[in-house]
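User: Please pick one part of this structure and take a close look at it. I would like one connected account, in plain words, of where that part sits and what surrounds it.

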Amino acid sequence: MHEADEIDLRCPQVVADNAAKGLRLRKQFGRGGTEIGVARATELKNREKLAPSTIRRMVSYFARHEVDKRGKNYGNEENPSAGTIAWLLWGGDEGRAWALEIKQKIGNAPDI
């Protein structure tokens, strides 16, 4: 038995809620995120068990898209930027914190 078996690879409820909000806003405003982001949000919203490689992709996404937070209308609830919506699709700030924490625990664990 590997240590990775004991690590819960399902996101916390707050991350699922952020992803659900991202999906709702994307539908409402018709912008933000890619098909990959929508797929990720759906997995997160449903609190599916994620593969280690998916956790690592989340960490990479957040590292690349941190700059989106400086964009116009980032975090604006009435008229959210595409970056705001995309960030939420991936679980928002809580998703980033969770993915970083899990990545530290799993390291380079392979997908099973």
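Analyst: A helix here is a DSSP run of at least four residues in state H or I, and helices are numbered from the N terminus. With that naming, Asn-73 can be placed in the loop between α3 and α4. The model is a predicted one. The account below starts from this loop and then follows its links to other parts.

Start with the backbone of Asn-73. Most residues other than glycine have a negative phi. Asn-73 is not a glycine, yet its phi is positive, about 65 degrees. How buried or exposed is Asn-73? Its relative accessibility is 26%, so Asn-73 counts as partly exposed. Arg-47 makes a useful parallel, since it too has a positive phi without being a glycine, in this case near 55 degrees. Arg-47 is placed in the loop between α2 and α3. Its relative accessibility is 31%, so Arg-47 is partly exposed.

Back in the loop between α3 and α4, the next residue to look at is Lys-69. The side chain of Lys-69 forms a salt bridge with that of Asp-93, at 2.8 Å from N to O. Asp-93 belongs to helix α5 and Lys-69 to the loop between α3 (52–65) and α4, so this pair ties together parts that lie 24 residues apart in sequence. Lys-69 has 24% relative accessibility and therefore counts as partly exposed. Asp-93, at 38%, is also put in the partly exposed class.

Lys-69 has a second link to α5, through Arg-96. Arg-96 is found in helix α5. When neighbours within four places in sequence are left aside, Arg-96 is in contact with Lys-69, as well as with Phe-62, Glu-66 and Trp-87. The relative accessible area of Arg-96 is 25%, which means that it is partly exposed. From Arg-96 to Gly-107 there are 11 residues along the chain, and 16 Å between their C-alpha atoms.

Further along α5 is another salt bridge. Glu-101 pairs with Lys-105, and their closest N and O atoms are 3.4 Å apart. Why can these two reach each other? Both are in helix α5, 4 residues apart, so about one helical turn separates them. Glu-101 is partly exposed at 40% relative accessibility, and Lys-105 is partly exposed at 49%. Lys-105 also comes into the picture for another reason: Ile-7 is 98 residues away from it in sequence, but the two C-alpha atoms are 7.7 Å apart in space.

The salt bridges of Lys-69 with Asp-93 and of Glu-101 with Lys-105 belong to a structure in which 7 salt bridges are found in total. One more can be set beside them for comparison. The side chains of Arg-40 and Glu-43 form a salt bridge of 2.5 Å, N to O. They are 3 residues apart in helix α2 (residues 35–45), so about one helical turn lies between them. The two partners do not fall in the same class, because buried means under 20% relative accessible area. Arg-40, at 5%, therefore counts as buried, while Glu-43, at 21%, is partly exposed.

Arg-40 leads to the nonpolar interior. Among the contacts of Met-58, leaving aside neighbours within four places in sequence, are Arg-40, Leu-44, Trp-98 and Ala-99. Met-58 is also one of the residues with the most contacts inside the largest nonpolar core, a group that includes Leu-44, Ile-55, Trp-98, Ile-102 and Ile-106. This core has 28 residues. The elements that give two or more residues to this core are α1, α2, α3, α4 and α5.

The last feature to describe is an open space. The largest pocket holds about 190 Å³. Its lining is made of 15 residues, and those nearest the centre are Lys-21, Tyr-74, Gly-75, Thr-84 and Leu-88. Two or more lining residues come from each of α1 (13–29), α4 (82–89) and α5 (92–106). What kinds of residue make up this lining? It divides into 5 nonpolar, 5 polar and 5 charged residues.

To sum up, the loop that holds Asn-73 is tied to α5 by the salt bridge of Lys-69 and Asp-93. Helix α5, in turn, gives residues both to the largest nonpolar core and to the lining of the largest pocket.

How values were computed
Residues numbered from 1 in each chain as written. Predicted model: local features only at pLDDT ≥ 70, side-chain atom pairs only at ≥ 80, totals over all residues. Heavy atoms only, no water. 1 Å grid on protein atoms, 1.4 Å probe; cavity = no way out; pocket = protein on both sides within 12 Å on 5 of 7 lines; lining within 4 Å. Points joined across faces, edges and corners; volume = space filled by probe spheres on them. Nonpolar A, V, L, I, M, F, W, Y, C, P; charged D, E, K, R; others polar. Salt bridge = Lys/Arg side-chain N within 4 Å of Asp/Glu carboxyl O. Buried < 20%, exposed > 50% of the residue type's maximum accessible area, 1.4 Å probe, protein only. Core = buried A, V, L, I, M, F, W, Y, C linked by side-chain atoms within 4.5 Å. Contact = heavy atoms within 4.5 Å.
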